[in-house]
Amino acid sequence: MNDFLNQIRLVGDWLTSSQQWHGDEGIPRRLLEHLTYSGLSLLFAALIGLTLGLLVGHTGRGAFAVASVVNLARAIPTFGLVVLVVTLAGLSTTPVLVALIALAVPPILINTFEGVRGVDPATRDAARGVGMTEWEVLVRVEVPMALPLILLGLRVAAIQVVATATVAAYPGLGGLGRFIVDGLSRNDYELVIGGSAVVVALALIVQVAFTALRRLIVSPGLRVSAAKS
């Protein structure tokens, strides 16, 4: 218990120190770098995952390929992928983005696919029966009904990316992982614990943001149905 309280005190002292909030090594600068890596990765992953998930979910073609790709991507170690791409492409933001995109695509892709495929076939048939085109069926019927699962995939991906973007520090780049890597190299555990606390806080903020977004754009009936399932 005393050790836990000491760690809390260390985090508090570190966070309230003025030097942590100024300069190129301060929290604001590292947070901006972290959000940049995370945001770009999530954007590209969403473009890939949502596009493929909607297409395959609506047409039903390529479902086996989607499952295979998702399982393969989940088996790839993120840090190992960063090291491999750094070796091939050199030191840049590219290896970090590639690794984070590979991490974020599977939950977005599989949840989007499952959400669209889970729409009641009778509902699709009714939409086609009133003259809707396939595009209208997808956009006006399937996507709204699949929205809880789509948002779940985006939320899982966002939290994973925010937590894992600390790997950007290993090839010598910035982000909040810089505090952890530098702290370990210097045996400065106050720096390690403080940096870890900021990452955890950011992940919790992302969780709360997606929960609020879900309440805002998903109809109450779909929220209840998703909770029961």
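## A loop to start from

P77 sits in the loop that links α3 (63–75) with α4 (78–89). Is P77 buried or exposed? Its relative accessibility is 54%, so P77 counts as exposed. In sequence, P77 and A99 are 22 residues apart, while their C-alpha atoms are 8.7 Å apart in space. Please keep in mind that you are looking at a predicted model.

## The whole chain

Now step back and look at the fold. The protein chain has ten helices and zero strands, and reading along the sequence gives the pattern α-α-α-α-α-α-α-α-α-α.

The protein chain has 229 residues, and 41% of them count as buried. Among contacts with a separation of 6 or more, 73% join residues 24 or more positions apart. The surface that the protein chain exposes comes to about 12300 Å², with carbon and sulfur atoms supplying 67% of it.

## The nonpolar core

How many residues make up the largest nonpolar core? There are 40, and I108 and L154 have the most contacts inside this core. At least two residues of the core come from each of α2, α3, α5 (93–117), α7 (134–164) and α9 (189–217). The largest share belongs to α5, which supplies ten residues.

L154 is a good residue to click on here. Setting aside residues up to four places away in sequence, L154 touches L42, A46, I108 and F210. One of these, I108, is the other residue named with L154 for the most contacts inside the core.

## T112 in helix α5

Staying with α5, you will find T112 in this helix. T112 counts as buried because its relative accessibility is 0%.

Which residues does T112 meet, beyond its neighbours within four places in sequence? They are G49, L50, G53, L54 and I150. With I150, T112 has a separation of 38 residues in sequence, yet the two C-alpha atoms are 4.8 Å apart in space.

## Helix α2 and a surface patch

Helix α2 covers residues 27–59, and F44 lies in it. F44 has a relative accessibility of 39%, so this residue counts as partly exposed: the value falls between the 20% under which a residue is buried and the 50% over which it is exposed.

F44 also belongs to a nonpolar patch on the surface. Together with L40, L43, L47, I48 and L52, F44 makes a patch of about 520 Å².

## T166, between α7 and α8

The loop between α7 and α8 holds T166. Is T166 buried or exposed? T166 is buried, because its relative accessible area is 16%, and the cut-off for burial is under 20%.

The side chain of T166 reaches the backbone oxygen of A163 at a distance of 3.3 Å. Leaving out neighbours within four places in sequence, T166 also has contacts with H34, G177, I180 and V199.

## Helix α8 and what follows

Two of those partners, G177 and I180, are among the buried residues of α8. This helix runs over residues 177–186 and is mostly covered, with seven of its ten residues buried. Besides G177 and I180, the buried residues of α8 are R178, F179, V181, D182 and G183.

After α8 comes N187, which has a positive phi, near 60 degrees.

Note on methods: Residues numbered from 1 in each chain as written. Predicted model: local features only at pLDDT ≥ 70, side-chain atom pairs only at ≥ 80, totals over all residues. Heavy atoms only, no water. Patch = residues over 30% accessible without salt bridge, like charges linked within 9 Å, V, L, I, M, F, W, Y side chains within 5 Å. Areas by Shrake-Rupley, 256 points an atom, 1.4 Å probe, with all protein chains shown as cover. Salt bridge = Lys/Arg side-chain N within 4 Å of Asp/Glu carboxyl O. Helix = DSSP H or I, 4+ residues; strand = E, 2+ residues; numbered from the N terminus. Buried < 20%, exposed > 50% of the residue type's maximum accessible area, 1.4 Å probe, protein only. Core = buried A, V, L, I, M, F, W, Y, C linked by side-chain atoms within 4.5 Å. Contact = heavy atoms within 4.5 Å. Polar contact = N/O pair within 3.5 Å; in protein donor to acceptor, adjacent residues only side chain to side chain.
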